[in-house]
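Thanks for coming. I will take a few minutes on how the protein meets the DNA here, one strand at a time.

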Number of protein chains: 2
Amino acid sequence: MQTAAPIVTTPAIAPLTRGIPARREFAVPSGEGAQRRADPDTAARIAETMKLLVEVLEVKRRVVRAGDLVYRAGEAFTSLHILNSGLFKLLSSSAEGREQVVGLRFRGDWLGFCGIAKGRYTCDAVAMDTGEVWTVRYDALLRACAEHPELMEVMHAAMSHEMMRDRDVLISICTLPADARVVAFLHYWADSLASRGLRTDQISLRLTRAEIGNYLGLTLETVSRVLSKLARAQLIAFNERNRRDICIPDFHALDAFIQRREAAAGLH
Amino acid sequence: MQTAAPIVTTPAIAPLTRGIPARREFAVPSGEGAQRRADPDTAARIAETMKLLVEVLEVKRRVVRAGDLVYRAGEAFTSLHILNSGLFKLLSSSAEGREQVVGLRFRGDWLGFCGIAKGRYTCDAVAMDTGEVWTVRYDALLRACAEHPELMEVMHAAMSHEMMRDRDVLISICTLPADARVVAFLHYWADSLASRGLRTDQISLRLTRAEIGNYLGLTLETVSRVLSKLARAQLIAFNERNRRDICIPDFHALDAFIQRREAAAGLH
DNA sequence: CGTAACATTGATCGGGTTCAATCTGCGTGG
DNA sequence: CCACGCAGATTGAACCCGATCAATGTTACG
């Protein structure tokens, strides 16, 4: 059982200088040749959302560290959470006790939608790194939405976005073989970082092989084997002292690798 | 390419007597011993939502028949749709052209959330039976939500509900073996009908084996084999002249069957 | 009656799981 | 400091579930 992180309340009009920055991934050896370009659209959209929230609502800011829970399944739903920084995973444990990673969240994403329907959260939200969570009461949010239609639109867009993302995951899992799923996962992870303006020349996966496998409907051994194969093919490179941190020199080559396998399977 | 269904506009205050009733499943041979009890909560919630909509918004009613599209991927998003009756499937075709069934929808469900984020629908919504769709303009809905907080809550709850449902599907696909997935599917289908007050003593699957398989991440042959096995074990019974219509005499026995398999797998 | 879409069933194959052994890094306590 | 334990990761070998390939059956419909 983790202990709750300290809660820090700041005035709603606090300057929008970023919260606690996430820990540096690790030392970068050479240049930033493999840096994936950031998506200015997404970044702007996120910044605007955060700004709107602070202007219109009372936001409780809370610093979390790796392992902290933002909320827990079964807990009464009263608030939604918007991520200012950090990396988070959503864990859902089914009736029979089997745990499942059902989502990954980043800066700008919302947490807690699952609680609206039934008045209780239905999954755990766990920080995977230092980060800052902005919490708003749902009732206050509803009121604010009524007065600020643009806030309502932003919120709906966030929900819609989350649905589409989940759908993509489902399609990947239903249609792709193991190695393509792992590659899709790496892509998603890197894109998520890139679109938030984080560096992707080297990325820390932060999830164990077991968690990645769980998320992708694979076993940890399969994930490990695929990663080893990709490393052997020089499509990814492990950090030499930590197999959780990888470098993707050429995303295009990664895609090509998968396409080639699909083509090879399709031609006969 | 299907042709669009005729559009029928009715005054917003039209009486709430049900629209065109769905075609009778098929003749029921004996009694209703296997009838699954309806969920009065869900039914009430749906009725209330529908009432609220007509009271507060201009609703365009449209009768659809099997095969009609409510909307199509790529089409500009302007409206959301609420299902008054009928059965619908959501089809998403990925970039590489592979089609995927990404959801099933029933009376009371909303269609079109996927369009909010990007301003375009990202999947096809296809009627699987005669039904009635209520369409509301999204901009009008936003305005109405601002004035009627209860409408906003209902809409958010619908989105939240959809997310949780998708999550359940994901968990099923990630963690269950083939036969358990098929059983889970049957359960979901029957529960969906039951909670809408439809009869479940005999149910028409309406999807081909290929579509069921696609939805569950299985091949059509596997689905067929599992259904045959369940029929052999007398856990389901096919209608004697149509293998798409089945009868589930005892849901509890179905569950037990799956539990037993899991237990057998787990003990060694 | 002929054709096409859907479904069933069998035989075979293979990708991914399962089981098992080993390795690595890391924190802990003697 | 080192020994120890432990969680995570890797790798190999055998197996098995579900996919694939193929043939046949069934229903619907012009």
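**Contacts to the two DNA strands**

In this model, which is predicted, a side-chain N or O atom of B:Glu221 sits 3.2 Å from a base nitrogen of DNA strand D. B:Arg225 also reaches a base of strand D: an N or O atom of its side chain is 2.8 Å from a base oxygen. B:Thr219 goes to the backbone instead, with a polar side-chain atom 2.9 Å from a phosphate oxygen of DNA strand D.

Now the wider surroundings of strand D. There are 19 residues around DNA strand D, and A:Arg209, A:Ser224, A:Arg243, B:Ala178 and B:Thr222 are the closest. Of the strand D atoms within 4 Å of the protein, 62% are sugar and phosphate.

Which helix gives the largest share of the surface near DNA strand D? That is H6 of chain A, with five residues. Strand E12 of chain A, residues 242-247, and helix H6 of chain B, residues 220-232, each supply at least two. By class, the surface near DNA strand D has seven charged, seven polar and five nonpolar residues.

On to strand C. Here the side chain of A:Glu221 has an N or O atom 3.2 Å from a base nitrogen, and that of A:Arg225 has one 2.8 Å from a base oxygen. For A:Thr219, the partner is a phosphate oxygen of DNA strand C, at 3.0 Å.

DNA strand C is surrounded by 19 residues, B:Arg209, B:Ser224 and B:Arg243 being among the closest. Sugar or phosphate makes up 60% of the strand C atoms within 4 Å of the protein, and bases the rest. H6 of chain B provides the largest share of the surface near DNA strand C, five residues.

Terms used:
Residues numbered from 1 in each chain as written. Chains lettered and ligands numbered in written order. Predicted model: local features only at pLDDT ≥ 70, side-chain atom pairs only at ≥ 80, totals over all residues. Heavy atoms only, no water. Near = heavy atom within 4 Å. Polar contact = N/O pair within 3.5 Å; in protein donor to acceptor, adjacent residues only side chain to side chain. Helix = DSSP H or I, 4+ residues; strand = E, 2+ residues; numbered from the N terminus. Nonpolar A, V, L, I, M, F, W, Y, C, P; charged D, E, K, R; others polar.
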